[in-house]
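Let's take a walk through this structure together, going from the whole chain to its interior and then out to a few individual residues. Keep the viewer open as you read.

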Amino acid sequence: MNELRVLDVMTPDVVVATADCHARQLVDVLTDFGVSGLPIVDDRDRVLGVVSEADLLTAVSDPGDEADPSAAELMTAPAVTVGADAPIRFAARLMARHRVRRLPVVEDGSGRLLGIVTRGDLMRRALRSDAAVERDVIDQVVLPAFGVDPTAVDVKVADGVVTLHGEVERRSAAQRLAALARAVDGVTGVVEELAWRVDDTVVRHRHAPRR
């Protein structure tokens with residue numbers, strides 16, 4: 001089964017801050033970019049921790065307090081992170097266990113920041129009903145597919161996993177249907193069981209005649 005990974009749903013463009021930024025600077029960043037938390041990174045983009053709105057609210061709530069703590073003082077560290085290749089179900093369990101709303105996505109081994117995944121990203125993928133997902137796969141993938149007889153493709157969904165069964169003319173069409181199905185909201189995996197008549201994915205080389 002081709003299971004959906006964190007890489008498939010994460011946001012690659014992440015607003016970040018460094019450990020020496022101060023609370024009032026961080027508030028401005030959150031406000032300007034409309035985000036509710038920031039990964040704190042070092043000069044190699046490795047994640048050191050995370051600062052949330054709740055962390056900052058405590059820091060700036062007293063107007064008479066002249067202290068302006070740094071991100072290094074405010075952040076939750078070490079940060080709870082997830083690898084890009086992890087299944088989205090694993091990321092959802094990680095969020096629930098640690099009671100966090102977002103996970104920095106890091107490169108295995110280096111810890112370098114690759115993106116961020118939020119509860120909303122996972123909910124759009126993992127918490128839709130099977131009936132709604134099945135309807136969207138049929139309407140958005142199977143019916144519009146050029147050169148594919150929609151009556152020849154059967155779609156079943158169980159726990160977000162789409163199974164495609166039937167027969168198409170070309171192997172490339174089977175691969176395309178599976179790839180498009182993976183992009184539908186609520187799909188957590190695709191099982192492609194389509195038969196095909198012609199394998200048009202094999203590259204056949206022509207040899208020049210010998211002289």
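**A guided walk through the chain**

A good place to begin is a pair of strands: E6 (residues 102-106) and E7 (residues 113-118) run antiparallel and are joined by 5 bridges. If you would like a landmark in this pairing, find Val105, which sits opposite Gly115 in E7. The two strands make a hairpin, with 6 residues between them. In its turn you will meet Gly109, whose phi is positive, at about 95°.

Now zoom out. What you are looking at is a predicted model, and its protein chain contains 8 helices and 10 strands. The chain has 211 residues, and 38% of them count as buried. Its accessible surface is about 12,600 Å², with 50% of that belonging to carbon and sulfur atoms. How much of the contact pattern links residues 24 or more positions apart? Among contacts with a separation of 6 or more, such pairs account for 63%.

Next, let's go inside. In soluble globular proteins, nonpolar side chains tend to be buried together. Here the largest nonpolar core has 21 residues, and the ones with the most contacts inside it are Val137, Val153, Val155, Val162, Leu164 and Leu177. At least two residues of this core come from each of H7, E8, E9, H8 and strand E10 (189-198). Which of these elements gives the most to the core? That is H8, with 5 residues. Apart from this core lies another one, of 15 residues, including Val6, Ala84, Ile88 and Val117.

Helix H7 offers a good view of how the larger core is put together. H7 spans residues 130-142, and its buried residues are Ala132, Val133, Asp136, Val137, Val141 and Val142. An α-helix has 3.6 residues a turn, so residues three or four places apart point the same way. With that in mind, try looking along H7 from Val133 to Val137 and on to Val141, three of its buried residues. Among the elements that cover the buried residues of H7 are strand E8 (153-158), strand E9 (161-170) and helix H8 (171-182). Val137 shows this at the level of one residue: leaving aside neighbours within four places in sequence, Val137 touches Val142, Val155, Val162, Leu164, Ala181, Val184 and Val187.

From here, step out to the loop between E8 and E9, where you will find Asp159. Is this residue buried or exposed? Asp159 counts as exposed because its relative accessible area is 61%, and the cut-off for exposed is over 50%. Exposure does not leave Asp159 without partners: beyond its neighbours within four places in sequence, Asp159 is in contact with Arg89, Asp130 and Thr188. Asp130 lies 29 residues away in sequence, yet the C-alpha atoms of Asp159 and Asp130 are 6.4 Å apart.

Moving along to the start of H8 and the stretch after E10, look for a small group of polar side chains. Ser172 belongs to helix H8 and, at 23% relative accessibility, is partly exposed. Setting aside neighbours within four places in sequence, Ser172 is in contact with Asp200 and Thr201. The side chains of Ser172 and Asp200 make a polar contact at 2.6 Å. Asp199, in the segment after E10, has a relative accessible area of 17% and is therefore buried, the cut-off being under 20%. The side chain of Asp199 makes polar contacts with the side chain of Arg171 at 3.2 Å and with that of Thr201 at 2.5 Å.

Finally, here are some backbone details to look up. The peptide bond from Ala77 to Pro78 is cis, with omega near -5°, and Pro78 lies in the loop between helix H4 (71-74) and strand E5 (82-83). Asp45 is not a glycine, yet has a positive phi of about 65°. You will find Asp45 in the loop between strand E3 (37-41) and strand E4 (47-52), partly exposed at 39% relative accessibility. Arg99, also not a glycine, has a positive phi of about 55°. Arg99 is in the loop between helix H5 (88-98) and E6, and is exposed, with 76% relative accessibility. That loop brings you back to E6, one of the strands in the hairpin where the walk began.

Conventions
Residues numbered from 1 in each chain as written. Predicted model: local features only at pLDDT ≥ 70, side-chain atom pairs only at ≥ 80, totals over all residues. Heavy atoms only, no water. Buried < 20%, exposed > 50% of the residue type's maximum accessible area, 1.4 Å probe, protein only. Helix = DSSP H or I, 4+ residues; strand = E, 2+ residues; numbered from the N terminus. Contact = heavy atoms within 4.5 Å. Pairing = 2+ DSSP bridges. Areas by Shrake-Rupley, 256 points an atom, 1.4 Å probe, with all protein chains shown as cover. Core = buried A, V, L, I, M, F, W, Y, C linked by side-chain atoms within 4.5 Å. Polar contact = N/O pair within 3.5 Å; in protein donor to acceptor, adjacent residues only side chain to side chain.
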